[in-house]
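User: Please take a close look at the second largest pocket of this model, and follow the parts that line it outward into the rest of the fold. I would like one connected account, with burial and contacts treated together.

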Amino acid sequence: HTGDIGNVDEDGFITIVGRIKRMILTLEGGICHKVFPVLLEADLLKCSCVKEISIVGRGRKDNPLVHDLIAFAVLENGLSEESARTAMSSFAEKNFESYERPCKYIFVDKLPRTTIGKIDYRTLEQEAQKEV
């Protein structure tokens, strides 16, 4: 009812991890799927190569209402982009449905922030759209 996405731990405590409004529509096999990037981001943070990550949608040329997933990641120090891309793709292959897997990984030094310090995913969406 609140629009929040959260987890309940074994002690019954609730941790809010995101908002439902951050939903991306993907298309696979003629079926639209709702993808909640905050859940994918939390899983990809389990990869030892990832320091921070934000997944956004990039509208397709043929149908701008349907999106491809683009992951913007800040890597842990000393890791190459190629090894990180391989590790993240492998993790997504094992843990995500095919329609939940990012089609592209873009590595940045830092993620843009809003004035209150949250990740500015709107700016990342604009950057992702430039990749079309």
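Analyst: A residue is called buried here when its relative accessible area is under 20%, exposed when that area is over 50%, and partly exposed in between. By that cut-off Phe107, with a relative accessible area of 13%, is buried, and its place is in strand E7. The model is a predicted one, and what follows should be read with that in mind.

The pocket comes first. Rolling a probe the size of a water molecule over the atoms shows where empty space is left. The second largest pocket has a volume of about 170 Å³, and its lining is made up of Lys21, Arg22, Met23, Ile24, Pro37, Ile55, Val56, Gly57, His67, Tyr121, Arg122 and Glu125. Sorted by class, that lining comprises 6 nonpolar, 2 polar and 4 charged residues. Two elements, strand E5 (50–59) and helix H3 (121–129), each supply at least two residues of the lining, and they can be taken in turn.

Helix H3 has a covered side and an open one. Its buried residues are Tyr121, Leu124 and Ala128; these span an arc of only 50 degrees around the axis, which places them on the same side of H3. On the face of H3 turned away from that buried side are the exposed residues Arg122 and Gln126. The pocket lining therefore draws on Tyr121 as well as on Arg122, of which Tyr121 is buried and Arg122 exposed. Glu125, also part of the lining, is partly exposed, with a relative accessible area of 24%. Side chains of opposite charge can pair when their charged atoms come close. Glu125 and Arg122 form such a salt bridge, with their closest N and O atoms 3.4 Å apart, and both residues lie in H3, 3 residues apart, about one turn of the helix. Elsewhere, salt bridges that share partners join Arg58, Arg60 and Asp68 into one network.

Within that network, the side chains of Asp68 and Arg60 meet at 3.0 Å, N to O. Arg60 is partly exposed, at a relative accessible area of 23%. The structure as a whole holds 9 salt bridges.

Strand E5 is the other element that supplies at least two lining residues. Most of E5 is covered, 8 of its 10 residues being buried. E5 runs antiparallel to strand E6 (residues 67–75), to which 9 bridges join it; within this pairing Ser54 has Phe72 of E6 as its bridge partner. His67, a lining residue, falls in the range of E6. Glu52 of E5 is partly exposed, with a relative accessible area of 23%, and its side chain meets that of Arg113 in a salt bridge of 2.0 Å, N to O. Arg113 lies in the loop between strand E7 (104–107) and H3, whereas Glu52 is in E5, so the pair ties together parts that are 61 residues apart in sequence. Arg113 itself counts as partly exposed, at 40% relative accessibility.

The remaining lining includes Ile24 and Pro37, and these lead to two further parts of the chain. Strand E3 (residues 24–28) pairs with strand E4 in the antiparallel sense over 5 bridges, and Ile24 stands opposite Val35 in E4. The hairpin of E3 and E4 has 2 residues between its strands, and in it Gly29 takes a positive phi near 60 degrees. Val35, found in E4 (residues 31–35), counts as buried at 2% relative accessibility. The C-alpha atom of Val35 is separated by 9.9 Å from that of Arg101, a residue 66 positions away along the chain.

Pro37 belongs to helix H1 (residues 37–44), whose buried residues are Pro37, Val38, Leu40, Glu41 and Leu44. They lie on the same side of H1, since together they cover an arc of only 160 degrees around its axis. The pocket lining thus takes in Pro37, a residue that is buried in H1.

Finally, to return to the strand named at the outset, Phe107 lies in E7, and its C-alpha atom is 26 Å in space from that of His33, the two residues being 74 residues apart in sequence.

Definitions and conventions. Residues numbered from 1 in each chain as written. Predicted model: local features only at pLDDT ≥ 70, side-chain atom pairs only at ≥ 80, totals over all residues. Heavy atoms only, no water. Buried < 20%, exposed > 50% of the residue type's maximum accessible area, 1.4 Å probe, protein only. Helix = DSSP H or I, 4+ residues; strand = E, 2+ residues; numbered from the N terminus. Arc of directions from axis to C-beta. 1 Å grid on protein atoms, 1.4 Å probe; cavity = no way out; pocket = protein on both sides within 12 Å on 5 of 7 lines; lining within 4 Å. Points joined across faces, edges and corners; volume = space filled by probe spheres on them. Nonpolar A, V, L, I, M, F, W, Y, C, P; charged D, E, K, R; others polar. Salt bridge = Lys/Arg side-chain N within 4 Å of Asp/Glu carboxyl O. Pairing = 2+ DSSP bridges.
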